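Please find below a short note for a colleague who is meeting this structure for the first time. It is meant to be read with the sequence and the model at hand.

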Amino acid sequence: IRNLAPQCHATKNPYDFDVANTDDIIYANKVMALWNAGQLGVLIPNTLLFRSGVLQERLTQNPFSGHPSRNADGNLWNFGGAPSVEKLTLFQIVANGFAALKILDVPNFEKNHNFTITDKSVVFLIPPSEYDQDHAAGAPSFLVMHRGHLDQAVNILVIETSTLELP
């Protein structure tokens with residue numbers, strides 16, 4: 001087996017590499033390009049070039065999950081979270097743009113990968129782990145920056161879609 005990248009180094013900036021956990025979705029006549037570690041972008045259909053910065057200015061550094069969901073009304077829902085900030089950004093997108101945006105304080109949220117949506121709620125399973133600030137500086141990867149707590153239960157976070165508040 002030949003090593004194709006002998007000089008690879010760990011990085012802490014998601015824009016320095018392609019994590020290959022991407023998706024695209026056609027919504028509101030746009031091809032949205034989604035990536036778990038980065039912000040929302042769009043693909044220009046005739047060239048497939050990527051254009052970033054389609055979120056509101058204050059959200060340009062906020063991750064936008066690669067796994068959005070549509071509710072029964074056809075609206076697109078998604079979330080973003082980042083290591084060590086313990087915040088969840090919840091997005092509701094309608095065909096003509098954002099309908100709602102809410103930033104909630106949620107401890108240990110940064111390692112969440114996906115969610116589900118019902119008629120009345122957005123539901124997240126939060127694993128029993130936490131970002132370890134002291135260990136992060138020398139960690140070779142994002143996963144190693146976290147400590148699992150196998151003796152603790154998974155937490156279930158439910159957010160009402162009508163208010164974007166915790167019930």
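The points below take up aromatic pairs, a surface patch and one residue near the end of the text.

1. Please keep in mind throughout that this is a predicted model, and that residues are numbered from 1 along each chain as its sequence is written.

2. A search of the whole structure finds 3 aromatic pairs. In one of them, Phe79 and Phe115 meet edge-to-face, with 5.5 Å centre to centre and 85° between the planes. Phe79 belongs to strand 6 (residues 76–81), while Phe115 sits in the loop between strand 8 (97–105) and strand 9 (116–117), so the pair ties together parts that are 36 residues apart in sequence.

3. Both partners of that pair can be described by their accessibility: Phe79 is buried, its relative accessible area being 3%, and Phe115 is buried as well, with a value of 9%. Ring pairs also bring in Phe124, which is linked with Phe79 and Phe115 into a cluster.

4. On the surface, a nonpolar patch is formed by Leu125, Val154 and Ile156, which together have about 310 Å² of accessible area. Val154 is found in the loop between strand 12 (146–148) and strand 13 (155–160), and with a relative accessible area of 47% it is partly exposed.

5. Is Thr161, in the segment after strand 13, buried or exposed? Thr161 counts as buried, because its relative accessibility of 17% falls under the 20% cut-off. Leaving aside residues up to four places away in sequence, Thr161 touches Trp77, Ile117, Asp119, Lys120, Ser121 and Val122.

Definitions and conventions:
Predicted model: local features only at pLDDT ≥ 70, side-chain atom pairs only at ≥ 80, totals over all residues. Heavy atoms only, no water. Phe/Tyr/Trp six-rings, centres within 6.5 Å; stacked < 30°, edge-to-face > 60°. Helix = DSSP H or I, 4+ residues; strand = E, 2+ residues; numbered from the N terminus. Buried < 20%, exposed > 50% of the residue type's maximum accessible area, 1.4 Å probe, protein only. Patch = residues over 30% accessible without salt bridge, like charges linked within 9 Å, V, L, I, M, F, W, Y side chains within 5 Å. Areas by Shrake-Rupley, 256 points an atom, 1.4 Å probe, with all protein chains shown as cover. Salt bridge = Lys/Arg side-chain N within 4 Å of Asp/Glu carboxyl O. Contact = heavy atoms within 4.5 Å.
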